[in-house]
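Hi everyone, thanks for coming. Let me put the sequence and the structure up on the screen, and then we can walk through them together.

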Amino acid sequence: MMTSGASLRADAARNRELILNAARELFAEEGLDVSMRQIARRAGVGEPTLRRRFASKEELVGEAFADKVAVYADLADAALEHPDPAAGLRGFLEEVTRMQLVDRGFADVLTMTFPRTMRCEQHRRRSYASIQALIARSQAAGVLREDFVAEDIVLLLLAHAGVAGGAGDVAGQFSARLRAYLFSAFGLPAPATLPPAPSQARVYRALMRLHCDHRGHDE
């Protein structure tokens, strides 16, 4: 039979997992602007319970995204090991922008200072070192313009976050075209033709939905 202490620990662990799952879902759907109250409601716990598990929103964000930040660092490491520097860099950027498309919260995390948790900070340092080495390797191979710097990846991710968060069901097509334009500007080998653009009707519907969403948030 479970003792009262063991039962309390099990309840605490279960609540923590409920909170993290709810936070990940809401962050993916709406970005990082969701409130602690919304997260508690989605998790089915009281806000005091949430704050006992996570004293601040930054702490919660750090725990919710620690695994994805680790994947980001792993992708940078894998890109550095690719035998073709251009293909490695392109593949890294393509995969990271795909992650932005399916998770608005992660799109936000990638365009701000990573949450200051020990796990995230370790992965941040690892990814930055790999990205710097990848840039130097690509420039030495003549496949990346000489004045490209690591901060230009942040520029790409900032631009792409706008597509991920605001283009609705045409985000995938806009994403592919934006990447093609930027890869060409970076000096990376680019396809002879751009990926197809969405139709005018689909773009209009996406913009109308975005307008309605903004009005709903303002009311």
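Let's begin with a question: how far apart do the end C-alpha atoms of residues 35–54 lie, and what percentage of that span is helix? The end C-alpha atoms are 13 Å apart, and the span is 75% helix and 0% strand. I picked that stretch since the UniProt record, an unreviewed entry, places the feature "DNA-binding region" at residues 35–54. Please keep in mind that what you see is a predicted model.

Now let's step back to the whole chain. The protein has 10 helices and 0 strands, so to speak a run of α-α-α-α-α-α-α-α-α-α starting from the N terminus. Of its 219 residues, 40% are buried. And if you take the contacts with a separation of 6 or more, 67% of them are between residues 24 or more positions apart.

Let me show you some individual residues, beginning with F27. You'll find F27 in helix 1, which covers residues 4–30. Is F27 buried or exposed? F27 is buried, because its relative accessible area is 0%, and buried means under 20%. Leaving out neighbours within four places in sequence, the contacts of F27 include L32, V34 and I39, then K57, V61, A64 and F65, and also D103, R104 and G105. Have a look at F106 too: F27 and F106 are 79 residues apart in sequence, yet their C-alpha atoms are 7.7 Å apart in space.

Next stop, L60, which sits in helix 4. L60 also counts as buried, with a relative accessibility of 0%. Which residues does L60 touch, not counting those up to four places away in sequence? The answer is I19, L20, A23, M36, I39 and F54. With L20, the C-alpha to C-alpha distance is 7.5 Å, for a sequence gap of 40 residues. You may recall I39 from a moment ago, as F27 is in contact with I39 and L60 touches I39.

Let's stay with helix 4, residues 57–81, and bring in helix 5, residues 85–102. Their axes are 8 Å apart and the helices pack at an angle of about 165 degrees. Because angles over 145 degrees count as roughly antiparallel, helix 4 is roughly antiparallel to helix 5. Their crossing is right-handed. On the helix 4 side you have K68, V71, Y72, L75, A76 and A79, and they meet G88, F92, E95, V96 and M99 in helix 5. By class, that contact has 8 nonpolar, 1 polar and 2 charged residues.

Helix 5 has another partner, helix 8, at residues 151–166. The axes of helix 5 and helix 8 come within 9 Å and cross at roughly 35 degrees, and this crossing is right-handed as well. From helix 5, L93, V96, T97, Q100 and L101 meet I153, L156, L157, H160, A161 and A164 in helix 8. Here the count is 8 nonpolar, 3 polar and no charged residues. Notice V96, which is listed in the contact with helix 4 and in the contact with helix 8.

One last residue before coffee: H123, in helix 7, residues 118–140. With a relative accessible area of 16%, H123 is buried, because the cut-off is under 20%. Beyond its neighbours up to four places away in sequence, H123 touches A66, V69, A70 and A73.

That's my tour, thank you!

Definitions and conventions:
Residues are numbered from 1 along each chain as its sequence is written. This is a predicted model: local features need pLDDT of at least 70, side-chain atom pairs count only at pLDDT 80 or more; totals for chains, interfaces and linings use all residues. Side-chain values use heavy atoms; hydrogens and water are left out. Helices (H or I, at least four residues) and strands (E, at least two) are DSSP runs, numbered from the N terminus. Buried means under 20% relative accessible area, exposed over 50%, partly exposed in between (1.4 Å probe, protein chains only). Contact means heavy atoms within 4.5 Å. Axes are lines fitted to C-alpha atoms, for helices over the stretch in contact, and angles run from 0 to 180 degrees between N-to-C directions. Angles under 35 degrees count as roughly parallel, over 145 as roughly antiparallel, 65 to 115 as roughly perpendicular and the rest as oblique. A crossing is left-handed if the near helix is turned anticlockwise from the far one by less than a right angle, and right-handed if clockwise. Ala, Val, Leu, Ile, Met, Phe, Trp, Tyr, Cys and Pro count as nonpolar, Asp, Glu, Lys and Arg as charged, and the others, Gly among them, as polar. UniProt positions are given in the numbering used here, feature names are shortened, and annotations may be inferred rather than shown by experiment.
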